[in-house]
Amino acid sequence: MSTTASAFDVLSELSLTAKPGGAGKDLDAEAQLQWSGIGFSLFGEQFIAPVGELSEMLEIPASTRLPGVQPWVVGVANVRGRLLPLFDMAAFFGGKLNNSKRQHRVLILERDSVYAGLIVDQVFGMQHFPLETFQEQANSKLEAVSSCLSGCYQLSDSNWQVFSTAKLIEDPRFANAALS
């Protein structure tokens with residue numbers, strides 16, 4: 001019976017740390033002071049998209065070219081029964097993808113009525129930044145990409161541009177991928 005009592009005491013003590021005012025409170029405050037996003041590279045620069053703006057990342061699937069579209073439209077792929085248009089983001093911004101094709105990845109943008117695959121050089125996965133490192137002014141060297149940026153996170157050894165998929169969707173060129 002003493003084993004049950006000591007286990008209960010241990011659990012009771014643990015529950016105090018999970019309640020507001022307990023030891024867990026400091027951990028919650030720390031977690032709230034960070035911003036998280038999905039990191040990726042394009043043109044050798046590091047970008048980050050807010051977590052809620054992307055639904056998935058995957059390797060580039062087989063696709064079918066479409067006639068009469070801009071050169072940056074790679075084609076359409078069947079991803080789990082849904083047709084996913086694929087866009088070469090480097091070509092969209094006037095360049096070409098770097099690195100080997102094995103590193104290229106697709107970031108799936110699913111927002112409102114938009115379902116699109118954004119092909120980038122490389123994906124770094126989830127990244128976390130202290131809120132105090134945010135700067136409202138993006139400092140990318142790439143003017144073509146600047147219309148889609150909404151600030152940056154500056155760390156001592158790296159600079160991460162915040163890539164806004166909302167701004168990308170609003171871009172008239174992106175909205176109309178057909179050849180003129």
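## Cavity lining

By class, nine nonpolar residues, one polar residue and no charged residues line the largest cavity. Here Ala, Val, Leu, Ile, Met, Phe, Trp, Tyr, Cys and Pro count as nonpolar, Asp, Glu, Lys and Arg as charged, and the others, Gly among them, as polar. This is a predicted model: local features need pLDDT of at least 70, side-chain atom pairs count only at pLDDT 80 or more, and totals for chains, interfaces and linings use all residues. Residues are numbered from 1 along each chain as its sequence is written, and side-chain values use heavy atoms, with hydrogens and water left out.

The lining residues are Phe40, Leu42, Ala49, Leu54, Met89, Leu107, Leu118, Val120, Phe163 and Thr165. Strand E1 (34-42) and E7 are the elements that give two or more residues to this lining. Helices (H or I, at least four residues) and strands (E, at least two) are DSSP runs, numbered from the N terminus.

## Cavity count and volume

One cavity of 30 Å³ or more turns up in a search of the whole structure. The largest cavity has a volume of about 50 Å³. A cavity is a set of points, on a 1 Å grid over the protein atoms alone, where a 1.4 Å probe fits but cannot get out; lining residues have an atom within 4 Å of a point. Grid points are joined across faces, edges and corners, and a volume is the space filled by probe spheres set on the points.

## The open sheet

Five strands make an open sheet. Their order is E3-E6-E7-E5-E4, with mixed pairing. Strand E3 (54-59) and strand E4 (73-79) stand at the edges with a single partner strand each, so one side of each has no neighbour in the sheet. On average, neighbouring strands of this sheet are turned by 30 degrees against each other, direction ignored. Axes for such angles are lines fitted to C-alpha atoms. Two strands pair if DSSP finds at least two bridges between them.

## Pairings of E6

E6 (residues 105-111) and E7 (residues 114-120) run antiparallel and are joined by seven bridges. Leucine 107 has leucine 118 in E7 as its bridge partner. Both Leu107 and Leu118 also appear in the lining of the largest cavity. Glutamate 110 stands opposite tyrosine 115 in E7. The hairpin of E6 and E7 has two residues between the strands, and aspartate 112 takes a positive phi near 55 degrees there.

E3 and E6 run antiparallel too, with five bridges between them. Here leucine 58 stands opposite valine 106 in E6.

## Loop residues

Isoleucine 60 sits in the loop between E3 and E4. Its relative accessible area is 36%, so isoleucine 60 is partly exposed (buried means under 20%, exposed over 50%, partly exposed in between; 1.4 Å probe, protein chains only). Isoleucine 60 and alanine 77 are 17 residues apart in sequence, and 9.0 Å apart C-alpha to C-alpha.

Threonine 133 is in the loop between strand E8 (122-130) and strand E9 (134-135). Threonine 133 counts as buried, at 16% relative accessibility. Its C-alpha atom is separated by 5.3 Å from that of tyrosine 153, 20 residues apart along the chain.

## Cysteines

The structure holds zero disulfides (a disulfide is a pair of cysteine sulfur atoms within 2.5 Å). Cysteine 148 is buried, at a relative accessible area of 0%. Cysteine 152 is buried, also at 0%.

Note on methods. Axes are lines fitted to C-alpha atoms, for helices over the stretch in contact, and angles run from 0 to 180 degrees between N-to-C directions. On a 1 Å grid over the protein atoms alone, a cavity is a set of points where a 1.4 Å probe fits but cannot get out, and a pocket is an open set with protein on both sides within 12 Å along at least five of seven lines; lining residues have an atom within 4 Å of a point.
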